[in-house]
Amino acid sequence: MATLASLKLVAAKKPLNLPPVVHRRNKLSSKVYEQIQLARSQNEGTAFAPTRTKTVTNSEGQRVQITQPKRVKPWWFVAESGKCCIAIRYGSKVLELAKGKTAIEVASAGALIDALEAVNAAVIAGELDGQIEAASGQLRSAFVK
């Protein structure tokens with residue numbers, strides 16, 4: 001019983017579902033984290049190959065799960081000025097970070113990783129919730145008939 005006494009015990013209840021804004025925030029945060037890992041692997045010269053599980057029907061007609069590599073496209077590009085720019089994406093939409101500004105300019109690969117980590121911190125803190133909501137609304141409206 002002495003072991004349990006050293007822990008902080010609380011009366012907590014697991015929520016049944018997350019609010020939509022938190023779900024979208026977590027989704028964008030995980031994509032930004034993938035970009036950070038991609039930038040680190042390119043900086044170190046190693047391969048970044050995340051995998052995903054997919055359910056397919058084999059030749060005998062049985063549904064089986066296979067693991068296949070996941071394609072991750074970099075969000076950064078080299079601008080006309082020769083500096084690296086990062087466009088933050090939610091789905092296929094580029095987020096407008098400030099009025100008329102859709103990219104972050106960085107000088108080097110190290111600064112690229114730092115900028116992506118700062119964006120991830122901003123996403124987790126909820127600073128981009130308005131932009132995420134606008135992009136989500138645009139994406140959802142494309143599916144409505």
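**Exercise 1. Decide whether Ser-29 is buried, partly exposed or exposed, and find what touches it.**

Start with the place: Ser-29 sits in helix α2. Helices here are DSSP runs of H or I with at least four residues, strands are E runs of at least two, and both are numbered from the N terminus. Next, take the relative accessibility of Ser-29, which is 12%, so Ser-29 counts as buried. The cut-offs are under 20% relative accessible area for buried, over 50% for exposed, and partly exposed in between (1.4 Å probe, protein chains only). Last, look for contacts, meaning heavy atoms within 4.5 Å. Beyond its neighbours within four places in sequence, Ser-29 contacts Asn-120, Val-123 and Ile-124.

A quick word on the model: it is predicted, so local features need pLDDT of at least 70 and side-chain atom pairs count only at pLDDT 80 or more, while totals for chains, interfaces and linings use all residues. Residues are numbered from 1 along each chain as its sequence is written, and side-chain values use heavy atoms, with hydrogens and water left out.

**Exercise 2. Work out which side chain makes a polar contact with Arg-25.**

Arg-25 is also placed in helix α2. With a relative accessible area of 18%, Arg-25 is buried. Now list its contacts, skipping neighbours within four places in sequence: Val-123, Ile-124, Gly-126, Asp-129 and Ile-132. The partner you want is Asp-129, whose side chain is joined to that of Arg-25 by a polar contact of 2.5 Å. (A polar contact is a pair of N or O atoms within 3.5 Å; within protein, one must be able to donate a hydrogen and the other to accept it, and residues adjacent in sequence count only if both atoms are side-chain atoms.)

**Exercise 3. Find which helix gives the most to the largest nonpolar core.**

A nonpolar core is a set of buried Ala, Val, Leu, Ile, Met, Phe, Trp, Tyr and Cys residues joined through side-chain atoms within 4.5 Å. The largest one has 23 residues, and Leu-28, Trp-76 and Leu-116 are among those with the most contacts inside it. At least two core residues come from each of α2 (20–44), β4 (84–86), α3 (109–125) and α4 (129–141). The answer is α3, with six residues. Zoom in on Leu-116: not counting residues up to four places away in sequence, it touches Val-32, Gln-35, Ile-36, Ala-39, Trp-76 and Ile-86.

**Exercise 4. Explain why β3 and β7 each have a side without a neighbour in the sheet.**

First get the order: three strands form an open sheet, β3-β4-β7, paired antiparallel. β3 (76–78) and β7 (104–106) stand at the edges with a single partner strand each, so one side of each has no neighbour in the sheet. Two strands pair if DSSP finds at least two bridges between them; β3 and β4 have three. One spot to check is Val-78, which stands opposite Cys-84 in β4. Then add the helix: α3 packs on this sheet and touches β3, β4 and β7.

**Exercise 5. Place Thr-55 and describe the hairpin around it.**

Thr-55 lies in strand β1 (residues 51–57). Its relative accessibility is 38%, so Thr-55 is partly exposed. β1 pairs with strand β2 (residues 63–69) in the antiparallel sense, over seven bridges. Five residues lie between the strands of this hairpin, where Gly-61 takes a positive phi near 90 degrees. Finally, leaving out neighbours within four places in sequence, Thr-55 contacts Arg-63, Val-64 and Gln-65.

Definitions and conventions
Axes are lines fitted to C-alpha atoms, for helices over the stretch in contact, and angles run from 0 to 180 degrees between N-to-C directions.
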